[in-house]
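Open the structure in your viewer and switch to a cartoon view. We will go from the whole chain down to single residue pairs.

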Amino acid sequence: MKIQFGISGIRIRLFLVILMLLAGFTVGSCRRYESGGNNVVKVKLAEYSMDVENAEELTPGPAVIEITNDGKEEHSFVFEGTDTIQRLEDNIKPGETKTMRVKLEPASYNVYCPLDDHKNKGMSSVIKVEKPDGEGTTTNY
Ligand SMILES: [Cu+2]
C-alpha cells in the first residue's frame, strides 16, 4: 500500500510539472503571436470553393488561419509555399472550424483542399503577403 501510494504521488507531481510546462508554453506562444502582429486569415470552404476573406491585410510574421467548412462534405486544408507545406491533421467536418498556425514571409502561398479532386474543382486560392513597406499597398494603422 505504501509503495503504491508513493508511485501515485510521483505521478501526480509529474503531471503537475507537465501541466506547468504546457501552461508556460501556451502563454509564451500567445505573447509571440501578439508581438508579431495579429494576422488572422479567415478561410471559408464549400463545394467547391475556397474564399480567403482578408488576404489583403496580411503582413509578414506569425499568423493563424481559421478554416471554416460551410459545405456539406468533409474537407481539409493545405498551406503551401516554396519551402513550406502544412496540412491539417484531421479533415474538417461540415460546420466545423479548425485553426492552423503558420509563419508568413513576403511571398505567395498556395492554399487548397487536398481531398479527391476538390482542388481542381475550385477549392484553391493564393495568399499573397507583401513587405510592410511595400509599394502602393494600403496599410491601416
Ligand atoms: Cu474539399
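Start with the whole protein, coloured from one end to the other. Read along the sequence, the pattern is α-β-β-β-β-β-β-β-α-β. That gives two helices and eight strands. Keep in mind that this model is predicted.

Now colour by burial. Of the 141 residues, 18% are buried. Next, think about contacts between residues at least 6 apart in sequence: 61% of them join residues at least 24 apart.

**Stop one: the open sheet.** Four strands make up this sheet, in the order 2-1-3-6, and their pairing is mixed. Select strand 2 (49-52) and strand 6 (97-104): these are the edge strands, and each pairs on one side only. Turn the view to follow the twist, which averages 25 degrees from one strand to the next.

Stay here and select residues 39-46 and 61-69. These are strand 1 and strand 3, a parallel pair with seven bridges. Show Val 40 in strand 1. Which residue is its bridge partner in strand 3? Val 64 is that partner.

A reminder before moving on: strands of a sheet pair through backbone hydrogen bonds, either parallel or antiparallel.

**Stop two: strand 7 and its partners.** Select residues 108-112, which form strand 7. Add strand 4 (residues 78-80): the two pair in the antiparallel sense over three bridges. Now add strand 8 (residues 124-128), which runs antiparallel to strand 7 and is joined to it by five bridges.

Finish on Val 111 in strand 7. What stands opposite this residue in strand 8? Ser 125 does. Phe 79 also stands opposite Val 111.

Key. Residues numbered from 1 in each chain as written. Predicted model: local features only at pLDDT ≥ 70, side-chain atom pairs only at ≥ 80, totals over all residues. Buried ≥ 20, exposed ≤ 12 C-beta atoms within 10 Å, placed from the backbone. Contact = placed C-beta atoms within 7 Å. Pairing = 2+ DSSP bridges. Axes fitted to C-alpha atoms, helices over the stretch in contact; angles between N-to-C directions.
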